[in-house]
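User: Could you take me through this structure step by step? I am new to reading such models.

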Protein chains: 2
Amino acid sequence: MKTIFNMYTNYNNNMSKKQGLTVKKSNFSEWFTQIIDKADLADIRYGIQGFIVHKSWSIRIIKQIINMFEESLEKEGHEPVLFPLLIPEENLKKEAEHFGFLPEVFWVSQKGANETLNKRLALRPTSESAFYPMYSLWIRSYRDLPLKKYQSVTAYRNESVTRPFIRGHEFIWIESHDVFETHEESLKQIKNDINIMKNIMIEKLGIPILSFNRPEWDKFLGAESTFAIDVLMPDKKVLQVGATHDLTQKFSKTFDIKYLDKNGNENYVWQTCFGPGIWRIFAALISIHGDDKGLKLPFDIAPIQVVIIPIISKDNNSKIIKKCELLKNTIGKKFRVYIDDTKKTPGEKYNKWELYGVPFRIEIGIKELKSNFVTLSKRYNKTKIKIKYNSLENKIEKLSLEMNKILLNDANKFLKNNLRNAKNKNDFFKYVENGGIIKATFCGKENCAREIQNYTKGLKIRGTFYGKNEKVLGKCIYCNKSAKKNVYMAKQY
Amino acid sequence: MKTIFNMYTNYNNNMSKKQGLTVKKSNFSEWFTQIIDKADLADIRYGIQGFIVHKSWSIRIIKQIINMFEESLEKEGHEPVLFPLLIPEENLKKEAEHFGFLPEVFWVSQKGANETLNKRLALRPTSESAFYPMYSLWIRSYRDLPLKKYQSVTAYRNESVTRPFIRGHEFIWIESHDVFETHEESLKQIKNDINIMKNIMIEKLGIPILSFNRPEWDKFLGAESTFAIDVLMPDKKVLQVGATHDLTQKFSKTFDIKYLDKNGNENYVWQTCFGPGIWRIFAALISIHGDDKGLKLPFDIAPIQVVIIPIISKDNNSKIIKKCELLKNTIGKKFRVYIDDTKKTPGEKYNKWELYGVPFRIEIGIKELKSNFVTLSKRYNKTKIKIKYNSLENKIEKLSLEMNKILLNDANKFLKNNLRNAKNKNDFFKYVENGGIIKATFCGKENCAREIQNYTKGLKIRGTFYGKNEKVLGKCIYCNKSAKKNVYMAKQY
């Protein structure tokens, strides 16, 4: 059903008072702030720091992204659940004792007019300490394993600095919590998680990613290893858009999650958890594909994939609208199509839908009434193409693939241009000036990492490349001590 | 894509330790508690009163129900949004000053280790006071109207007594908040909201509903009128599953939501809000259709619509599995199909999927290998039917309609048998004994309503029938004073 888009008249109305972007993308920080306001993505005037109102255009896109991840997770054997928002302090403390988390927490500590709760309840910052006590009840024997559950929810963290879709006191993510009999299965799951990220980010959203094995001091608290996915943003800083953690038996020992194996022996389970950062994926999408005109939405997640604009002329008005509707009925079975028949001028409409990132636009005027052709304007490379009316569906399908490739190519180009292999200290310091990601040999010491960060005003070790076992004989690019690994470094969000 | 159901092996594993229902539905209260546990709907052992863990089978069903409402709302011009969970105390107080709400609220009042917030923040009990201050910023002119937004979220209320899916400290619902230029448009919207409820409840879920204009003393605080939808539960009490409210200009005056009309005059907007109670709709679904064996899920929302059970025999094992997969590939394009090839006995599998309410079951054994026919077992009336392999898809489609009709008919029958028209006082007191819903003439006075409630131990005035303007000349069934209206009374959840 693609016919649910009759309501966009409101957008038009709401937009009538606004204009296009007045700042170039090269001024990234301001551009990002402006596009969030002008493309109906978020309203930051709600009145509580770090809490935004998600507006309709963003929620539509975000729902599409969530659906993609849910489908992938379910194909890989995960089942949906919904755990309570609130986590008893004692559960969280159990986790905190071992791994820490409390400073970031918002607490429910009162109810009603003025009653104080006996025990404070945390808004979920992440849900290990909600899930795992229940897992301890649910899991009895090897027959209950593997157990793979996920939830798509908002989570809450008291961060000092916030930015819409990048870092919020309230943010949207998916968390999946998986339990296995063996560590091998955990490691396989982690590979699987990273593949889910790869497939969606690259194939569907056209965003190149880098997967890292994070260094010891940058792991999720309580994880044996953290594998994280970074993207390169236009300001050449990296943004972590997801992570999967090898928890080994650390949490199962804390929360007492045991199972009887086939021989009747009791063992602690092995666990992983995976968090696709839906908010940040959306931020990456806005930032990496967008241009001076506005958003460029990948075809699969665009709430409107084709916008039809009637070019009204007094005498043929009703014929033109009819033709638009005919067209919508034809391609609307396959694509999400919307006719913008509001009162604005064609130019205003073009600008609006460019700002909103709709992939394709078709204008229908007098000329098109008599012709078997229509003209399709492509948002992604600003070209137009004449297409025979009856081959429109096929052509749009093909162009959508072309579009995804072009978006990905552009993003890949940017990434390649800003990922540099520093072979010596001179290289290294030159590249630090350039920004972007630097690959270099590194001693592996936290101390040295900290010195690098201080000296470069923010350059951080993102980790070794996941899946590549590059052995290196060389010296640390910074401290000159012996180094056995290549790492990637970048400034981060 | 119907191929996302490979993960049900886990259910089987988890189920292996459980058994079917051990209590009849005639013992409704215990039956409800048991089915929630045994059909993988909720775990109530989370440790905070009124907060349940939504398990996978229930979340799958609930998601389907949410999708139905979202599609209907969007067809009627609503757009999705997501407002923050937290509402500043001052906003809520503005509402409370006029209408009240604070006693039911959970408060975030601390963050971090032990820091107290300057201003308490409420977990949304409902979101008028989150939406409307923003509406006051968003709405400037008649061109911004109508404005129709909805969100599907969890909400939080500190109720004294809780029951899974019926009354929770945390519950799932949809809230839509609509704004118009005129009261006429509001009233039209309310009709529209009730039609959405009717269509989904009756056509899709097979649940008959009654729509009432609630009496003055039972309105949503701040509403001019409340129109609410009740269903009759098996224990003959009614459950409100949704409501839509005519807010007139009360909230727009409180939150200062004004617009400039075509003549340049400033006016307050007219508002409605509509809340389909997703949790309670699910509770109704469980309760009204379920039987001694378990759930009976209406076809459209069943996470598994057809379960295929291989009847393994040593020599033909792989052939049988292959046939099952062939069958799944055939009908799986259209329906949600799952092959239960776990290690349990066929009998255990039949019982399980009956408990879970899967509409259709097909067994594939040696007999079916050589035959062009398969046997389809229907959950809804416990009959079997032989169907030609190649007409299976059509047949299932037809049977799904038959099924919905039968579920609705059964529910209608129960409702009719328990909705009585009391013509005199004798009738009335006899019917009070019987339980169910009583239609009778009523004086319209709150005092009398309270006396009725006290005397009958709980009978409440549900209101006049929405849309029917029955004029009555008679006397109040209870106090004998003059009465102009028929009302409906029932005990309620």
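Analyst: The answers below go from general conventions to the chains, their contact and some local details. This is a predicted model, in which local features need pLDDT of at least 70, side-chain atom pairs count only at pLDDT 80 or more, and totals for chains, interfaces and linings use all residues. Residues are numbered from 1 along each chain as its sequence is written, chains are lettered from A and ligands numbered from 1 in the order in which they are written, and side-chain values use heavy atoms, with hydrogens and water left out.

User: Into which domains is chain A divided?

Analyst: Chain A has domain 1 (66–289), domain 2 (304–401) and domain 3 (419–490). These bounds come from an automatic or database domain assignment. Between the C-alpha centres of domain 2 and domain 3 of chain A there are 50 Å.

User: How can chain A be laid on chain B?

Analyst: A turn of 180 degrees with a shift of 0.0 Å along the axis places chain A on chain B with an RMSD of 0.0 Å. That is the relation of a two-fold axis. The superposition is by least squares on the C-alpha atoms of residues with pLDDT of at least 70 in both copies.

User: And which residue of chain A comes closest to the rotation axis?

Analyst: That is A:V108, whose C-alpha is 2.1 Å from the axis. The same surface serves both copies, since 99% of the contact residues of chain A recur in chain B. Contact here means heavy atoms within 4.5 Å.

User: How many residues does the contact take, and what area is buried?

Analyst: Chain A gives 72 residues and chain B gives 72 residues. The buried area is about 6,300 Å², with 54% of it from carbon and sulfur atoms. Buried area is the accessible area (1.4 Å probe) that two parts lose on being put together, summed over both.

User: How many salt bridges cross the interface of chain A and chain B?

Analyst: The rule finds 4 between the two chains; a salt bridge is a side-chain nitrogen of Lys or Arg within 4 Å of a carboxyl oxygen of Asp or Glu. One of the pairs joins A:K63 to B:E70, with the closest N and O atoms 3.0 Å apart. Helix α3 (residues 56–75) of chain A gives the most to the side of chain A that touches chain B, namely 8 residues. Helices (H or I, at least four residues) and strands (E, at least two) are DSSP runs, numbered from the N terminus.

User: What is the salt bridge count over all chains?

Analyst: Over all chains the count is 56. Among the pairs found is that of A:K55 and A:D40, at 3.2 Å from N to O. This pair links distant parts of the chain, 15 residues apart: A:K55 is in the loop between β2 (53–54) and α3 of chain A, and A:D40 is in the loop between α2 (28–38) and β1 (42–43) of chain A.

User: Changing topic, is the peptide bond from A:L145 to A:P146 cis or trans?

Analyst: The bond is cis, with omega near -5 degrees. A:P146 sits in the loop between α5 (128–138) and β7 (147–156) of chain A. In chain B, the bond from B:L145 to B:P146 is cis, with omega near -5 degrees.

User: What is phi of B:F165, and where does the residue lie?

Analyst: Phi of B:F165 is near 70 degrees, a positive value in a residue other than glycine. B:F165 is in the loop between β7 and β8 (170–180) of chain B.
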